[in-house]
Each structure stands twice: as C-alpha cells, then as structure tokens.
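Trainee: Could you take me through one part of this protein in close detail? I would love to look at its largest pocket and the strands around there.

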Amino acid sequence: MATIRCPFCHLDFDESAFPAHQAQHLKLRSDGQHTDYVSLPHEEQVAGDLSGVPTVYVHRSCGVQTVMPEKIVRSYLANPFLYMSDNTYCCGCQTHVPLGQCNWTETGEDLQLYMNRLRADKRPAPPRDWFRVFLWLMVGLLALIVFAGVVKSILVS
C-alpha cells in the first residue's frame, strides 16, 4: 500500500489513513489557529543564527503584534514557495489575514513584498544556453517558412 509523508509531523502514513491524520493537524484551536502548520523537516529548514531575520509582524487593521514560530521562519527561508496561500495568522483578529495587511515590526516591510522578494531570489535561473536554443528555434522557423514558400510555388505552377 502507498504511504504519504505528513507535511506537519513528517511521519509516514498509509494513504487510506492519511486524511484522518491530516484532519487532526488542521483542527482549529479556540484562538482560531490550526493545531499545527505545515513546515519542512528539521534537516531541510534553514540552520544557524536568525539574527536580522524578522519574526514579529503587526496587522495594520487591528495593530496587534504576532510572533511567527521559528520552525515556520526556518521553513519559509529554505522554501519561500511552501506557503503559497499568502495568508498569516493574526493574534488580534484571531483569524488568518492576507500577508499584504501586515508589516514586520523589525523592518517595517510589508510581509507580501518580503515574500515576493524571497521567492524571486529562489526562482531557478534560465538555462545557460537559452540563447542557443532560441537561435535554433528561429532557424527552424525560417526553414519552415522557406519550405512552405517552395511548396506553394510548386503547387501554383
């Protein structure tokens, strides 16, 4: 039987048992947060000192500060595409709000702009020989146009 690695606790589960297991992680607590949040396994998280990395944000609508858990910070630094919902929890509103409504208290930067910047920095570089591929595509297109012209002139004659 197939197994699924849980993105919350990083244990393997039978495919048939996984939905019930995942539901336990997604239960809402009395404060509106999920019981657990997705993170990378410890060995895949960014290691080392987090000095200079913002961890406290304020929701502009309510003015309340929220501290982001370290394992989430270390996970999104390693993979900024991990949390693509672009929402975060607000302790003041006790619900998830868009990143764009929050600012880091340490830097003042908008969380959405911060995440966009991290994602842009992690995008894979285009292949080094992209220009060569482009040239071959253009040569192929030109050859196709010439061939079509020759066939057309033969058919018209």
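Trainee: Before we zoom in, what percentage of the contacts in the protein with a separation of 6 or more is between residues 24 or more positions apart?

Mentor: Happy to help! The answer is 52%: that is the portion of the contacts with a separation of 6 or more that residues 24 or more positions apart account for. Keep in mind that this is a predicted model.

A little background will help you find your way. The protein has 4 helices and 7 strands, and along the sequence they follow the pattern β-β-α-β-β-α-β-β-β-α-α. The radius of gyration is 25 Å, well over the 15 Å that the globule rule gives for 157 residues, so the protein is more spread out than a compact globule. Its C-alpha trace spans about 85 × 50 × 30 Å along the principal axes, and buried residues make up 27% of the 157 residues.

Now for the pocket. The largest pocket has a volume of about 570 Å³. It is lined by 30 residues, and the closest to its centre are Tyr37, Ile72, Tyr83, Asn87 and Thr88. Two or more lining residues come from each of β4 (65-67), α2 (70-78), β5 (87-90) and α3 (111-122). The largest share is that of α3, with 4 residues. By type, the lining divides into 20 nonpolar, 7 polar and 3 charged residues.

Let's follow two of those lining elements, β4 and β5, to their partners. Start with β4, which pairs with strand β3 (residues 56-59) in the antiparallel sense over 3 bridges. Look for Val58, whose bridge partner in β4 is Gln65. The hairpin of β3 and β4 has 5 residues between the strands, and Gly63 there takes a positive phi near 80°.

Strand β3 also pairs with β7 (residues 102-104), again in the antiparallel sense and over 3 bridges. Here Tyr57 stands opposite Trp104 in β7.

Next comes β5, which pairs with strand β6 (residues 95-98) in the antiparallel sense over 4 bridges. Within this pair, Cys90 stands opposite Thr95 in β6. The hairpin of β5 and β6 has 4 residues between the strands, and Gln94 takes a positive phi near 55°.

To put the picture together, find β4 and β5 in the pocket lining, then trace β4 to β3 and β5 to β6.

Terms used. Residues are numbered from 1 along each chain as its sequence is written. This is a predicted model: local features need pLDDT of at least 70, side-chain atom pairs count only at pLDDT 80 or more; totals for chains, interfaces and linings use all residues. Side-chain values use heavy atoms; hydrogens and water are left out. On a 1 Å grid over the protein atoms alone, a cavity is a set of points where a 1.4 Å probe fits but cannot get out, and a pocket is an open set with protein on both sides within 12 Å along at least five of seven lines; lining residues have an atom within 4 Å of a point. Grid points are joined across faces, edges and corners, and a volume is the space filled by probe spheres set on the points. Ala, Val, Leu, Ile, Met, Phe, Trp, Tyr, Cys and Pro count as nonpolar, Asp, Glu, Lys and Arg as charged, and the others, Gly among them, as polar. Two strands pair if DSSP finds at least two bridges between them. The radius of gyration is taken over C-alpha atoms; the globule rule is 2.2 Å times the number of residues to the power 0.38. Buried means under 20% relative accessible area, exposed over 50%, partly exposed in between (1.4 Å probe, protein chains only). Contact means heavy atoms within 4.5 Å.
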